[in-house]
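Student: I have the coordinates open and want to test the labels against the numbers. Can we go through them one by one?

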Amino acid sequence: MADASSVDEQPMTAWKPTTCMRCAVGCGLKQRADGDGIEARGNTAHPTNSGADCQRGIEETVSPNGRRLTEPLVRRGGELQPTDWDTAIGVVATRFIEALRRAPGNIAVLGSGQQTNEAAYALGKLARGGFGTPHYDANTGLCMASAVTAYDRAFGGNAPPPTYDDIPEAETHLIWGANPATAHPVLYNWIANSANDDDSQLLVVDPVESKTAREADRHIQPEPGTDLALVRAVMAGIIDSNGVDTAFIESETTGYERMVESLPDVECAAETAGVSLEAVETLSEAVADPTLIYWGMGVNQSVQGTATARGLIDLCLASGNLGPGTGPFSLTGQANSMGNRVCSSKETWPGHQPFDDSDVRKAVATTWEVPFSRLPTDRGAGFVKIVDRIARGEIDACWTVATNPAAGMPDAGHVKSVLDDVFLVVQDSFYSETVECADVVLPAATWGETEGTNMNMERRVSRVTAATDPPAKVKQDLDIIATIGNRIEPDLFGEPPIDPEGVFDEIRELTAGTPADISGISYGRLDDELAVRWPAPDDESEGGYQYYNDGEWQFDTESGQAAFSAVSHSGLAEPVDESYPLTLTTGRQAGIYNTGVRSQSTERDGLPTARMHSETIANWLSAFDRGRTVITSRRGDVTVTVETDDGIPPGIVWLPIHNAAVNTLTLPTVDPESDEPNYKQCAVALSAPTSSNPSTETNSQGESVDD
Ligand code: SF4
C-alpha cells in the first residue's frame with residue numbers, strides 16, 4: 001500500500017469534461033493531468049451546475065490522501081501479503097465456485113453508490129446472473145431505500161418527481177432531516193438563493209442546529225426519532241387551516257379519507273415530537289405557498305423511514321404541492337445511488353423493472369445469456385439483513401466493492417467480527433476497516449482513472465472520464481468484475497479490458513421502454529450535451545418533472561392515482577431509560593465524506609468529537625476527565641473528546657458519522673418496509689474514561705467541528 005501521491009507523473013493533458021463523484025448533486029467538472037496529479041474545476045458548459053463546484057468536491061476528488069491500495073493482497077498466516085493478480089483471482093474464483101457448489105446464490109455482494117453505472121451494472125449482472133444470489137445490495141439499503149420505497153408506494157415510481165429546475169420556482173423550501181449546506185453545497189446554494197427572494201423562505205426541521213439550520217428563516221427541533229409525529233401534526237394543521245387542495249385530491253389520489261381518519265390529535269403529536277403548537281402552525285401555513293420539501297438521512301435512516309417519507313409526500317399531495325416548482329425531493333447521498341438502482345441492485349431489474357415479473361426476468365436472462373432459472377426470485381434484503389444471514393452461517397462468501405461496512409454499518413463492532421469470520425473479498429481503491437477483515441484485496445482504479453457514466457439525484461446521466469492511468473498493479477473495476485465473472489460463467493462478459501461504452505449500450509438496451517429509459521442517451525450524445533436526464537427513449541428527448549406530461553398526471557400505481565398513506569408514529573426504536581438516559585444522534589461534517597477512506601482525515605482516525613449542550617455536560621460532570629468521556633450504548637463504547645455546543649438540545653449527544661468508531665454505538669434495527677437501519681437515534685450513557693477506555697490516548701485532531 002502506498003500514499004496516493006505515488007501515482008506516476010504524467011504529462012499535462014488537455015481539459016476533458018467529467019463529473020464529480022463526491023456527492024449526488026453530480027456537478028460537471030473539467031479535468032486535466034497537470035504533471036503531478038489531476039487538476040479539476042467546475043465546467044461552465046455543464047447543464048447541471050453551469051460551472052459551480054465546492055471545495056470538498058474538488059479537493060477530495062483530485063487530492064485524495066487516503067492510503068491507496070496499489071497491489072493485490074491475500075491473507076497468509078493471518079497477515080495480508082502482496083501477491084500477483086493471477087493468484088488473487090485464482091483464490092477468489094476457487095472459493096466462489098466452492099460456495100456456489102454448496103448452494104446456489106451462496107455469495108453476498110455489497111456494492112456502492114461510488115461506482116460508475118457500467119461497473120454497478122456489471123456487478124449486478126454477475127451477482128444476479130452469474131451467482132444467482134438474492135444477497136445483493138449496492139448501498140441503497142443504507143441510504144435511499146426508505147425514500148424510494150415511499151415513492152414506489154405513493155407514485156408507482158422509483159425517483160423524486162422534481163428536478164433542479166424546480167428549485168428557483170418554489171417559495172417555501174422546507175428541509176427536513178438533512179443538512180445540504182454541508183452535504184450538498186452546490187445544491188444548497190441554489191436553495192438558499194431561491195429562499196432569499198422576496199416572499200420566499202427556508203425552514204429547517206432537524207433535532208440539532210446544523211449549518212443549514214443556522215442559516216434558515218426558521219429552525220424547528222423535534223426530538224430525534226419523532227419526525228412522523230410532527231409530519232402528521234402538520235397534516236392535521238393543513239386540514240384545520242383549510243389548506244387542502246380538494247380538486248387535486250379528488251381527481252388524482254386515493255386513500256385521503258383513510259389518511260385523515262388515522263391522524264393523531266395535534267396537541268398530542270406536537271408533544272410527542274417535543275415542539276410547540278406554534279411550530280406546527282408555522283409549518284402548516286408555510287406549505288400554502290409553492291413548496292419543495294427536501295429530506296435526507298434524518299428521515300430515511302429510521303425504523304419509520306418509509307412511513308415518514310410517505311408522510312412528507314402526503315403533505316405535498318394534500319396541499320397541492322405536486323407539479324412544477326413544487327413537490328417531494330429526497331436528497332441522495334452517494335454520487336451514483338440513482339445509477340446503481342437503475343442498473344439493478346436491491347429489488348429491481350434494470351430500468352426499475354419489477355423483480356417478480358417473470359417476463360422481465362426472461363428478457364434479462366436472454367440479454368445476459370444465462371439460464372432463466374438462475375435469476376433469483378427472492379428480492380433480497382439490505383446490508384443489515386445480509387450481514388445477519390452471514391452471521392447465521394447461511395452465506396459462505398462475501399464480496400464488497402467500494403464500500404466499508406466494517407465502519408459504515410450500524411453496530412459496526414458486530415459487523416466487523418462477522419466479516420472477520422466469512423471468506424471476504426474486498427475490491428476498493430483505498431485502505432479501510434473492511435480491508436482489515438479481508439482474505440483477498442483487489443485494488444481498483446478510482447475517479448480520474450476511470451471511464452464511464454454517473455447518474456445524479458435528479459436523474460441526469462453524465463460522463464466520467466480518465467485523466468491519468470491508475471498505478472501499475474491496479475485494475476479497472478469493470479475488468480476485475482469481468483475476470484471473476486468469466487471464471488464463474490464463461491463468456492458472461494467479453495475478454496478484459498472491457499469497453500465501458502459497450503456495457504453502457506447493454507444497459508440502454510435493457511432499459512428501453514422501462515420507467516427509467518436511458519436508451520436515447522449514448523456516449524456520443526453525452527459528448528455533445530454533457531448531461532441528459534431520463535426518461536430519454538430517443539436521442540432527442542429528455543425527462544422533466546416525473547409523473548406529469550402535458551398537464552396530465554400519469555402515476556404507475558394500480559389505480560393510476562397517487563396514494564396517501566395512513567401510518568402514525570409508533571414510538572422510538574430504542575427509548576432512553578435509567579441505564580442509557582441520553583439520546584445519540586449523528587451527522588456530517590464539512591470537508592469529509594462518509595467513512596472518510598478517501599480523505600483519511602485526522603477526524604476519521606483520532607478520537608471523535610462529541611457535541612453536547614452545556615447543560616448536558618453540567619449534569620454529567622463526573623463522566624468527564626480532561627475534556628474526554630466514554631459514550632456507551634448497548635452495543636459498544638467509544639472514548640470521545642467533547643465540544644460544548646448549545647445548538648444540540650440538552651440530553652442529546654451528537655457524533656460525526658465519519659469516524660470509524662462511531663457506528664460501534666448505533667442501532668441496527670431496520671425499517672420493516674425498506675430494511676434501512678435506525679442510525680439516527682439510540683440510547684446512550686456517559687462515563688469517565690478508565691484504563692480500558694483511556695483518557696490519555698493521543699488525539700491528533702482538535703479542529704472545531706462544523707456539521
Ligand atoms: S456539490 Fe457534490 S458533486 Fe458538486 S462539486 Fe461538491 S461534492 Fe462534487
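Student: In this predicted model, what makes Ala229, Leu230, Arg232, Ala233, Ala236 and Gly237 in H8 the residues that meet H11?
Tutor: The cut-off is C-beta atoms within 7 Å, placed from the backbone. Their partners in H11 are Val266, Ala269, Ala270, Thr272 and Ala273. The contact divides into eight nonpolar residues, two polar and one charged.

Student: Which of the H8 residues in this contact counts as polar, and which as charged?
Tutor: Gly237 lies in the H8 part of the contact. Gly counts as polar, so Gly237 is polar. Arg counts as charged, so Arg232 is charged.

Student: Why is H8 called roughly antiparallel to H11?
Tutor: H8 (residues 227-240) and H11 (residues 266-273) pack at about 150°, with axes 8 Å apart. Angles over 145 degrees count as roughly antiparallel, so the label applies. The crossing of H8 and H11 is left-handed.

Student: How do you know that E27 and E31 pair?
Tutor: Pairing needs at least two bridges. Five join E27 (residues 582-587) to E31 (residues 652-656), so the two strands pair. They run parallel. Thr583 stands opposite Ile652 in E31.

Student: What is the order of the barrel strands?
Tutor: Six strands close in the order E27-E31-E28-E30-E29-E32, with mixed pairing. Neighbouring strands are turned by 45° against each other on average, direction ignored.

Student: What surrounds the ligand?
Tutor: 13 residues do, and the closest are Cys20, Cys23, Cys27, Cys54 and Gly57. Helices H1 (55-62) and H6 (185-195) each give two or more residues to the shell. The shell divides into seven nonpolar, three polar and three charged residues.

Technical notes: Residues are numbered from 1 along each chain as its sequence is written. This is a predicted model: local features need pLDDT of at least 70, side-chain atom pairs count only at pLDDT 80 or more; totals for chains, interfaces and linings use all residues. Axes are lines fitted to C-alpha atoms, for helices over the stretch in contact, and angles run from 0 to 180 degrees between N-to-C directions. Helices (H or I, at least four residues) and strands (E, at least two) are DSSP runs, numbered from the N terminus. A crossing is left-handed if the near helix is turned anticlockwise from the far one by less than a right angle, and right-handed if clockwise. Two residues are in contact if their C-beta atoms, placed from the backbone, lie within 7 Å. A residue is near a molecule or strand if its C-beta atom, placed from the backbone, lies within 6 Å of it.
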